[in-house]
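Please open the model in a viewer and keep the selection panel at hand. The stops below are meant to be taken in order.

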Amino acid sequence: MADYLGKKVVIIGLGLTGLSCVDFFVARGVTPRVIDTRVSPPGLDKLADNVERHLGSLNEDWLLDADLIVASPGMALATPALNAAAEAGVEVVGDIELFCREVQIPIVAITGSNGKSTVTMLVGEMAKAAGWKVGVGGNIGLPVLSMLDQEYELYVLELSSFQLETTHSLHAAAATVLNVTEDHMDRYPFGLQQYRAAKLNVYEHAKLCVVNADDALTMPVRGADKRCVSFGVDVGDYHLTRQLNDIWLRVRGEKVLNTKEMPLTGRHNYTNALAALALADAVGIPQSSSLQALTHFTGLAHRYQTAWQHNGVQWINDSKATNVGSTEAALNGIQVEGMLHLLLGGDGKSADFSPLAPYLQGDNIRIYCFGRDGGELAQLRPEVSSTFETMEQAMRDISKHVTAGDLVLLSPACASLDQFRNFEHRGDVFSALAKELG
């Protein structure tokens with residue numbers, strides 16, 4: 001456990017995570033300073049009066065005077081003021097690093113471009129089914145520092161590439177990079193390999209690595225080694241096998257669960273289940289408990305969720321598809337009796353949308369594009385695309401054309417912040433409109 005007494009600490013970014021960092025240091029006898037580039041950040045009313053704060057911009061003097069900077073994941077390390085402090089010898093970390101320095105119990109660490117929230121929640125449910133006391137957090141749920149005071153037997157953490165950039169003391173009992181596809185290219189000017197390198201940090205001191213046999217980019221930098229266990233569609237220690245009309249989860253040659261017993265559907269969810277099973281097995285969760293959890297887990301809100309069904313038309317909310325790979329996963333193998341009405345749009349974060357093109361072919365698809373990058377998305381297949389300023393305008397147009405057997409899918413391949421508070425807000429608006437229009 002680290003000793004911070006006498007250290008000059010600056011926290012960048014308030015909100016729930018920032019407040020948890022303030023509480024962490026105050027409990028250790030240190031009163032930090034707080035910076036937030038927003039004039040009125042969330043959580044400001046909960047900040048103690050004796051904590052100095054600088055709002056509306058970065059305070060470069062504070063940063064250069066600090067011994068330790070705890071930066072929000074939303075603050076790029078390449079930001080000039082932060083970079084200058086780092087070059088001057090100031091240590092820059094995130095809340096995950098602070099957490100890892102304190103923790104003695106096993107951690108399951110999960111990252112990837114897509115599916116990480118589902119797998120994180122699944123491993124948490126598997127541990128609960130076994131009667132374990134488990135803390136689930138990180139990039140979802142609770143800020144990690146607020147979990148330190150609980151009596152847990154296991155932590156299951158979802159970690160973003162941004163969080164992993166400032167984490168060096170993670171020694172995961174089991175770690176996975178589920179997949180690597182283009183995301184946050186606006187934050188990684190050197191492209192996919194720079195983004196991948198941040199993700200691969202999760203393996204650095206891991207006892208066991210769960211890799212995707214279908215995605216070479218998930219392999220450790222030095223290649224697969226004896227720490228590695230694999231999952232995949234057709235190959236891997238954990239894979240799928242088809243028998244007549246049934247698809248089974250198979251572990252090291254043995255069929256363990258018919259996917260018909262799982263509420264989750266779709267090939268991407270079956271491989272998520274395999275990854276979760278591999279992680280759970282790695283930390284000793286009884287497999288019977290893990291399989292039981294798989295038969296009860298209904299999935300996450302805003303992840304390929306039926307929002308409304310009426311008159312033979314299904315409206316699916318996949319607002320959590322904030323990047324191209326996630327939308328690919330939703331479209332891969334989708335079966336529609338009638339017409340697929342696909343909603344795409346938002347802030348593409350400088351991504352290359354071209355990998356979506358093969359999924360947009362055929363006579364039974366219509367594409368409705370909206371938001372900041374709607375025009376660019378419409379160019380993927382202009383002859384069946386319409387462009388709108390807002391998602392609501394697009395949905396009102398869709399409602400005039402749907403008939404029984406059709407499927408309306410919001411799987412936007414983009415972030416939501418150009419027009420919504422977050423992807424949850426976008427999904428809620430979609431679901432409300434689906435009920436009104438459907």
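A polar contact is a pair of N or O atoms within 3.5 Å; within protein, one atom must be able to donate a hydrogen and the other to accept it, and residues adjacent in sequence count only if both atoms are side-chain atoms. The model is predicted: local features need pLDDT of at least 70 and side-chain atom pairs count only at pLDDT 80 or more, while totals for chains, interfaces and linings use all residues. Residues are numbered from 1 along each chain as its sequence is written, and side-chain values use heavy atoms, with hydrogens and water left out.

**Stop 1: the annotated binding site**

Select Gly-112, Ser-113, Asn-114, Gly-115, Lys-116, Ser-117 and Thr-118, which the unreviewed UniProt entry annotates as "binding site". UniProt positions are given in the numbering used here, feature names are shortened, and such annotations may be inferred rather than shown by experiment.

Begin with Ser-113, located in the loop between strand 6 and helix 5. Helices (H or I, at least four residues) and strands (E, at least two) are DSSP runs, numbered from the N terminus. With a relative accessible area of 5%, Ser-113 is buried; buried means under 20% relative accessible area, exposed over 50%, and partly exposed in between, with a 1.4 Å probe and protein chains only. Display the side chain of Tyr-195 as well: a polar contact of 2.9 Å links it to the side chain of Ser-113. Contact in general means heavy atoms within 4.5 Å. Beyond residues up to four places away in sequence, Ser-113 touches Asn-179, Val-180, Thr-181, Tyr-195, Lys-199 and Asn-323.

Move next to Asn-114, in the loop between strand 6 and helix 5 (116-129). Its relative accessible area is 8%, so Asn-114 is buried. The side chains of Asn-114 and Thr-181 form a polar contact of 3.4 Å. Residues touching Asn-114, apart from those up to four places away in sequence, include Leu-178, Asn-179, Asn-323 and Gly-325.

Ser-117 belongs to helix 5 and is buried at 4% relative accessible area. Not counting residues up to four places away in sequence, Ser-117 touches Ile-140, Glu-158, Leu-300 and Lys-320.

**Stop 2: strand 8**

Glu-158 leads to strand 8 (residues 154-158), where five of the five residues are buried, so this strand is largely enclosed by the rest of the structure. Leu-154, Val-156 and Glu-158 point one way from strand 8, and Tyr-155 and Leu-157 point the other way. Strand 8 runs parallel to strand 6, joined by four bridges, and parallel to strand 7, joined by five bridges; two strands pair if DSSP finds at least two bridges between them. Opposite Glu-158 stand Ile-110 and Gly-138.

**Stop 3: the whole sheet**

Extend the selection to the open sheet of nine strands, ordered 7-8-6-9-10-11-12-13-14 with mixed pairing. Strand 7 (134-138) and strand 14 (254-258) stand at the edges with a single partner strand each, so one side of each has no neighbour in the sheet. From one strand to the next, the twist averages 25 degrees.

At the strand 14 edge, strand 13 (residues 246-251) and strand 14 run antiparallel and are joined by four bridges. The bridge partner of Arg-250 in strand 14 is Lys-255. Now show helix 9 (residues 287-294), which packs on the sheet, touches strand 13 and strand 14, and makes about 35 degrees with the direction of strand 14. Axes are lines fitted to C-alpha atoms, for helices over the stretch in contact, and angles run from 0 to 180 degrees between N-to-C directions. Helix 8 (residues 267-282) lies across several strands, including strand 6 (107-111), strand 12 (238-243) and strand 14, and runs at about 135 degrees to strand 12.

**Stop 4: the nonpolar cores**

A nonpolar core is a set of buried Ala, Val, Leu, Ile, Met, Phe, Trp, Tyr and Cys residues joined through side-chain atoms within 4.5 Å. The largest has 48 residues, and those with the most contacts inside it are Phe-25, Val-70, Leu-98, Phe-99, Ile-107 and Val-202. Helix 1 (residues 15-26) supplies the largest share of this core, five residues. Centre the view on Phe-99: setting aside neighbours within four places in sequence, its contacts include Ile-107, Leu-148, Tyr-155 and Leu-157. A second, separate core of 44 residues includes Val-134, Val-136, Val-283 and Ala-293.

**Stop 5: Gly-405**

Finally, select Gly-405, in the loop between helix 12 (391-399) and strand 20 (407-410). At 15% relative accessibility, Gly-405 counts as buried. Val-336 is 69 residues away from Gly-405 in sequence, with a C-alpha to C-alpha distance of 7.2 Å. Leaving out residues up to four places away in sequence, Gly-405 touches Gly-312, Val-336, Glu-337, Gly-338 and Met-339.
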